[in-house]
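Colleague: Could you take me through one part of this model in detail? I would like a close look at a single helix and what lies around it, with the wider setting where it helps.

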Amino acid sequence: MPAAHGELWIALLSLKRLLAAASPNALALFFDLPSNPMSGKILTLALASLVAASSALAASAKIKIGFLVKQPEEPWFQSEWKGAEKAAAKYGFEVVKLGVTDGEKTIAAIDNLAAIGAKGFVICTPDVRLGPAIVAKSKGADLKVIAVDDQFIGANGKLITTVPYVGMSAAKIGQAAGEGIVGEMKGRGWNPAEVGVCVITFDQLDTIRQRTDGATGALTAAGVPANRVFKSAQKTQDVEGGFNAATILFTQHPDIKRWLICGGNDTAVLGAVRASEQRSFAPADVIGVGINGTDCIDELRKSKPTGFFGSIRVSALSEGFVTSEMMFKWVTAGTVPPLDTRTTGIFMTRANLEQVLKDDQ
Ligand code: GLA
C-alpha cells in the first residue's frame, strides 16, 4: 500500500475506534447525523481529526525541494531562503531549508533530503571543491541539483559547467563597485595618485575573484596607479576575515592617509572599514563599497555616515525565487534550467537605500 494511502487508512481506523468508544451505536453516526447532542460533539471532533489527518496527508504529498546554504546566519542567504519560500507559496511545494557549513553537513543534508523523498535541491556549497562529491551523491539519490552563488569546481580544478548555475555577473558587479568608489572619490576631490586601495580578496571563489578584479580594474582605469592597489586575502568570509586582512595592509602602509576599500561582498568591506576605524581613520578619509546590499543595511542606516559608503545591491530574494522555481519546473515538468544564469545589481548608498529596499521585496 502506498504511504499516503496508509496514512489515510490509519486516520479512518482511529476515527472508527473513537466512535466505537463513544457509544455502542456510534458507528452508525459515521453515516447519519446524531440525534444525541453528546455524540454530535464527538462526531464533530472525530471529523475534525479526519480533516486534520487529510490536510497532513496533503502536506506530505507536496513536492519537497531543498535549499542548502553555506552561511545560514548571513542576511544574503536568509533573503535567498525568503525568495525560495515565495516560490514555494506560489507553486505549492515545500522548501526544506538547511544550513550546510561544512562538507560533512552537506553530505548528511543530501542523505536527509533523499530520505524524506525530496526531488532536488539548490545549493550554495560551503566549499566549491565539494562539487564532484555533491554531483555523485545526488545522482545516486536521484536528486536534481542547481548551484547558486558559488559554482562547483571539478577534480581538474575547472568550473563545472554541466550543473545549472545561477549567480552574479561577477566582473560587471565588481566593476560597478569600483565605479561607485571612483564617483565618490571624484566628488571629494581626492587625487587618485595619492590614495591607497585596500582590496580584500578570497580567490578560492571564482565569483569573488572576478568581483575584486572588476573593482580594481575600474579604479586603475580612473587613474589610481597599479602600485597603490594592495590586495589582502581574507581567511574567512565574514566581518572578522575582512578586519584581519585589512589590518595587515593598514599596518604595512602607514604613509597612506586616504583609503579606498573594495572586496567580494559586504562583510569583507565592513570588516575593512571597522579595521580603518580601529586605526583611527575618519570616515571622511575612507570610501568603502561592498557587494550584496543585504549585509550592510544597518550600517547605511546609522545616524552618522561611516567609511562604508555604499554597496551594489543584488536581489538575493530573486535568486532564491528563481532557482527554486527552476527546480520546481525541472522536477515537475522536466524543464531543464539554463546552465548559466546571471544577475545584475544597482548602486545603493545612504541616499537611495530605502527606495532600493522598497523596490526589492
Ligand atoms: C558568495 C558570497 C555571498 C554572496 C554570494 C552572491 O557566495 O559569499 O556573500 O555575495 O556569493 O552570489
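Modeller: Happy to! One term to begin with: two residues are in contact if their C-beta atoms, placed from the backbone, lie within 7 Å. Please keep in mind that this is a predicted model.

Let me set the scene with the whole chain. The protein chain has 13 helices and twelve strands, and 42% of its 361 residues are buried. Of its contacts with a separation of 6 or more, 73% are between residues 24 or more positions apart.

The helix I would pick is α8, residues 206-221. Is its length what one should expect? What span should its 16 residues give at 1.5 Å a residue? The expected value is 22 Å, and the end C-alpha atoms are 22 Å apart, so the two agree.

Now for the side of burial. T207, I208, Q210, R211, T212, G214, A215, T216, A218 and L219 are the buried residues of α8. It helps to recall that an α-helix has 3.6 residues a turn, so residues three or four places apart point the same way. As for partners, the buried residues of α8 pack against one helix, α7 (170-187), and against the strands β5 (165-168), β6 (196-201), β7 (229-233), β8 (259-263) and β9 (286-292).

Two of those strands deserve a second look. Together with α8, β6 and β7 form a right-handed β-α-β unit. The strands β6 and β7 run parallel and are joined by five bridges, with V197 facing V229 of β7. Just after α8, G223 adopts a positive phi of about 105°.

The helix also leads us to the ligand. T207, listed among the buried residues of α8, is one of the residues around the ligand, along with W76, C124, D149, D150, G167, M168, Q237, N265 and N292. By class, that shell holds three nonpolar, five polar and two charged residues.

Finally, a short detour to the loop between β4 (144-148) and β5, where F152 sits. Why is F152 classed as buried? It has 24 C-beta neighbours inside 10 Å, and the cut-off for a buried residue is 20 or more. Beyond its neighbours within four places in sequence, F152 is in contact with T125, V128, G131, I134, A147, I160 and V163. With V163, eleven residues away along the chain, the C-alpha separation is 8.2 Å.

Notes:
Residues numbered from 1 in each chain as written. Predicted model: local features only at pLDDT ≥ 70, side-chain atom pairs only at ≥ 80, totals over all residues. Near = placed C-beta within 6 Å. Nonpolar A, V, L, I, M, F, W, Y, C, P; charged D, E, K, R; others polar. Helix = DSSP H or I, 4+ residues; strand = E, 2+ residues; numbered from the N terminus. Expected span 1.5 Å × (residues − 1). Buried ≥ 20, exposed ≤ 12 C-beta atoms within 10 Å, placed from the backbone. Pairing = 2+ DSSP bridges. Right-handed = clockwise from strand over helix to strand, strands pointing away.
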